[in-house]
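Subject: Structure handover and notes

Dear colleague,

I am passing on the structure below, together with some notes on what was found in it. Please read them with the structure open beside you.

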Amino acid sequence: MNNTGYKSGFVSIIGRPNVGKSTLLNHIIGQKIAIMSDKPQTTRNKIQGVYTTDQAQVIFIDTPGIHKPKHRLGDFMTKIAQQTLREVDLILFVINAEEGYGRGDQFIIDKLQDIKQPIFLVINKIDTIHPDQLLPLIDFYRGKVDVQEVIPISALQGNNVNTLMNQITEYLEEGPQYYPEDQITDHPERFIAGELIREKVLHLTREEIPHSIAVVIEQMQRREDRDVVFINATIIVERKSQKGIIIGKQGSMLKEVGKRARTDIENLLGSKVFLELFVKVQNDWRNKLSNLKEFGFNE
Ligand code: GDP
Ligand code: MG
Ligand code: K
């Protein structure tokens with residue numbers, strides 16, 4: 001692939017309610033926005049917006065389960081949130097300069113403790129405070145969480161948002177333009193669904209199957225009239241012996257993988273799911289799919 005220095009990556013904007021996450025996103029995306037329609041379920045990962053320029057594409061991903069500390073968080077949601085935080089390339093931790101530290105922040109700070117990706121502390125609503133108040137705030141948060149950059153902004157007025165975008169681009173690595181500049185064509189649910197299937201395979205097969213397997217969602221189609229989502233997915237392995245293990249005796253293993261994955265995907269989508277799984281041997285899939293980071297390959 002012809003990567004002429006183009007950069008791209010996935011960024012999660014996290015922060016407790018009302019710190020200004022949506023305002024920031026709207027400001028960043030502006031007219032370029034391609035927000036996915038807001039679906040009723042909140043318990044799902046979704047792409048919130050894609051920012052595209054000639055130099056870079058930044059895909060903002062919502063991380064459900066981390067915005068709502070008071071909400072009862074099932075293991076599932078916590079896991080999804082943690083998983084998402086590990087899969088994005090960069091995290092924007094947004095705080096409210098006006099209110100300062102709160103309990104909701106601590107919940108998030110705890111979740112950020114073992115995160116390896118760069119974290120930016122975005123101090124929003126600086127229009128509401130005196131400049132003297134900024135430094136103590138920065139010191140305080142720096143003492144609680146390890147952040148690479150601190151960027152004070154006003155999402156409402158747009159102050160310093162350019163700096164933030166430049167810094168984000170700085171940190172991103174070279175990568176493809178995943179989405180057309182004016183449109184989102186793919187759904188992050190595909191990615192999560194693929195990951196859930198992959199997870200079930202790994203759980204059920206233990207060490208026999210290396211982490212190098214891949215799951216490709218071939219088809220994911222919602223039938224609105226019946227509120228059903230049809231999914232065809234292929235589990236790609238590198239050797240024939242692995243294929244045998246994943247299929248199992250008379251297909252028993254694949255059936256169990258499908259059953260468990262389907263339950264999780266139904267929770268994710270809030271719809272009934274018909275899931276059909278296939279297994280395919282493809283020796284060098286890694287090379288062929290090397291650009292498809294959205295499928296969860298980080299190697
Ligand atoms: P979210 O819950 O984190 O998505 O927060 P919202 O984006 O919905 O913002 C919550 C409230 O804060 C709204 O009333 C916004 O207008 C306000 N707000 C957001 N950013 C700023 C800012 O930079 N300055 C001021 N003064 N208000 C802001
Ligand atoms: Mg919001
Ligand atoms: K939000």
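Two strands are taken to pair if DSSP finds at least two bridges between them. By that criterion, strand β1 (residues 7-14) pairs with strand β4 (residues 90-96), to which four bridges join it in the parallel sense. Please bear in mind throughout that this is a predicted model.

Overall picture

The secondary structure of the protein comes to nine helices and nine strands, and buried residues make up 37% of its 299 residues. Among the contacts in the protein with a separation of 6 or more, 70% are accounted for by residues 24 or more positions apart.

Strand β1 and its partners

Besides its pairing with β4, β1 runs parallel to strand β3 (residues 56-61), with six bridges joining the two. Individual partners can be picked out on both sides: Gly 9 stands opposite Val 58 in β3, while Ser 12 has Ile 91 in β4 as its bridge partner. The strand is mostly covered, in that eight of its eight residues are buried. Lys 7, Gly 9, Val 11 and Ile 13 point one way from β1, whereas Ser 8, Phe 10, Ser 12 and Ile 14 point the other way, and all of them are buried.

Nonpolar cores

In soluble globular proteins, nonpolar side chains tend to be buried together. The largest nonpolar core here has 40 residues, of which Val 11, Phe 93, Val 94 and Val 122 touch the most other members. The elements that give two or more residues to this core are β1, α1, β2 (47-52), β3, α2 (75-87), β4, β5 (119-124) and α5 (161-171), and the largest share, six residues, comes from β4. Leaving aside its neighbours within four places in sequence, Val 94 is in contact with Ile 13, Ile 14, Gly 15, Val 19, Gly 20, Lys 21, Leu 24, Val 122 and Asn 124. Apart from this core lies another, of 26 residues, which includes Met 220, Ile 231, Leu 277 and Val 279.

The open sheet β7-β8-β9

Three strands, in the order β7-β8-β9, form an open sheet with mixed pairing. Its edge strands are β7 (214-223) and β9 (272-281), each of which pairs on one side only, and the twist from one strand to the next averages 15°. Between β7 and strand β8 (residues 228-237) the pairing is antiparallel and extends over nine bridges; within it, Met 220 stands opposite Ile 231 in β8, and both of these residues are among the members of the 26-residue core. Two helices lie across β8 and β9: helix α7 (residues 240-247) runs at about 155° to β9, and helix α8 (residues 252-269) runs at about 135° to β9.

Ile 217 also has its place in strand β7. It counts as partly exposed because it has 19 C-beta neighbours inside 10 Å, where 20 or more would be needed for a residue to be buried. Leaving aside neighbours within four places in sequence, Ile 217 is in contact with Arg 190, Ala 193, Gly 194, Ile 231 and Ala 233. From C-alpha to C-alpha, Ile 217 and Ile 197 are 9.7 Å apart in space, and they are 20 residues apart in sequence.

Surroundings of ligand 1

There are 15 residues around ligand 1, and those that come nearest are Gly 20, Lys 21, Ser 22, Thr 23 and Leu 156. Helix α1 (residues 21-29) gives the largest share of this shell, three residues. By type, the residues of the shell divide into four nonpolar, eight polar and three charged. Two of the residues that come nearest to the ligand, Gly 20 and Lys 21, also appear among the contacts of Val 94.

Two backbone angles to check

Lys 125, in the loop between β5 and α4 (134-142), has a phi near 70°, a positive value in a residue other than glycine. Lys 125 counts as buried because it has 22 C-beta neighbours inside 10 Å. Asn 160, in the loop between β6 (149-152) and α5, likewise has a positive phi of about 70° although it is not a glycine. Asn 160 is partly exposed, with 17 other C-beta atoms within 10 Å.

With best regards

Key:
Residues numbered from 1 in each chain as written. Chains lettered and ligands numbered in written order. Predicted model: local features only at pLDDT ≥ 70, side-chain atom pairs only at ≥ 80, totals over all residues. Near = placed C-beta within 6 Å. Nonpolar A, V, L, I, M, F, W, Y, C, P; charged D, E, K, R; others polar. Buried ≥ 20, exposed ≤ 12 C-beta atoms within 10 Å, placed from the backbone. Contact = placed C-beta atoms within 7 Å. Axes fitted to C-alpha atoms, helices over the stretch in contact; angles between N-to-C directions. Core = buried A, V, L, I, M, F, W, Y, C linked by C-beta atoms within 7 Å.
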